[in-house]
Amino acid sequence: MPHRIRLDQAINQILDAIVGAIEAEVTEGGLLEEVKTVIRGDKTRPKPETPSVFVFTDVARAEASPRTLAEQWRLPVILVVTVKDDDPEEGYRLATELTAKARSVVLRDRSLGLRRFVQDTKSLRFEAGGPNNQQGSLHGAAATVEVLFTILEP
């Protein structure tokens, strides 16, 4: 039986789980110990201390089946790491490395601890740091994971 939950609640729980998993590794000895700030959303004020990880969604797509009232959704979640470094090579390397690590952290539990309605989380895209992701001494890289979940509106 599909889990009864509204779409907004499901998306909030998914983002909370992803941000929580990343924040759990922002500790001494953690996979993301270099990260200073984790931001839910694509903007923040004031400017975050770097390295930082932004977590936000892209457009969710429903895949309805004519045999059920439940809706299956595909939600792309984008992880963007920004690094400040005056050495372009080092900034590129660190942004790419931290983005790959953040992706790995998210994929450790592919149900995100939300087995009631999340069926899977998988890699979708990875954009290593490069000239398009550099602004002055800021360097960025991005990974997109896709969360597959099924809900039944209450």
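This is a short talk about the fold, the surface and the salt bridges of one protein chain.

Okay, hi everyone. Before anything else, keep in mind that what you see is a predicted model.

Let's start with the overall layout. The protein chain has seven strands and two helices. If you walk along the sequence, you meet them in the order α-β-β-β-β-α-β-β-β. As for dimensions, the C-alpha trace spans about 55 × 30 × 25 Å along its principal axes. What would we expect for the radius of gyration of a compact globule with 154 residues? The answer is near 15 Å, and this chain has 17 Å, which agrees.

Now, inside and outside. Of the 154 residues, 43% are buried. The accessible surface comes to about 8,500 Å², and carbon and sulfur atoms hold 49% of that. And here's one on contacts: take those with a separation of 6 or more, and 63% of them are between residues 24 or more positions apart.

On to charges. The chain carries 20 positive and 23 negative ones, and the mean positions of the two sets are 7 Å apart. How many salt bridges does a search of the whole structure find? Twelve. I'll go through a few of them.

Here's one: Asp16 and Arg40 meet through their side chains, at 2.4 Å from N to O. Asp16 sits in helix 1, residues 7-24, while Arg40 belongs to strand 1, residues 37-40, so this pair ties together parts that are 24 residues apart in sequence. Are these two out in the solvent or hidden? Asp16 is partly exposed, at 46% relative accessible area, and Arg40 also counts as partly exposed, at 36%.

Next up, Asp120 and Arg110 form a salt bridge at 2.7 Å, N to O. Asp120 is in strand 5, residues 118-127, and Arg110 is in the loop between helix 2 (88-107) and that strand, so the pair links parts ten residues apart in sequence. Arg110 has a relative accessible area of 42%, which makes it partly exposed.

Then there's Glu127 with Arg125, at 3.7 Å from N to O. Which of those two counts as exposed, and which as partly exposed? Arg125 is exposed, at 54% relative accessibility, whereas Glu127 is partly exposed, at 31%.

And salt bridges can share partners too: Arg61, Glu63, Arg74, Lys122 and Glu146 are joined into one network that way. Try finding those five residues in the structure above. That's it from me, thanks!

Definitions and conventions. Residues are numbered from 1 along each chain as its sequence is written. This is a predicted model: local features need pLDDT of at least 70, side-chain atom pairs count only at pLDDT 80 or more; totals for chains, interfaces and linings use all residues. Side-chain values use heavy atoms; hydrogens and water are left out. Helices (H or I, at least four residues) and strands (E, at least two) are DSSP runs, numbered from the N terminus. The radius of gyration is taken over C-alpha atoms; the globule rule is 2.2 Å times the number of residues to the power 0.38. Buried means under 20% relative accessible area, exposed over 50%, partly exposed in between (1.4 Å probe, protein chains only). Contact means heavy atoms within 4.5 Å. Accessible areas come from the Shrake-Rupley method with a 1.4 Å probe; for residues, only the protein chains shown count as cover. Lys and Arg count as positive and Asp and Glu as negative; His and the chain ends are not counted. The place of a charge is taken as NZ of Lys, CZ of Arg, CG of Asp or CD of Glu. A salt bridge is a side-chain nitrogen of Lys or Arg within 4 Å of a carboxyl oxygen of Asp or Glu.
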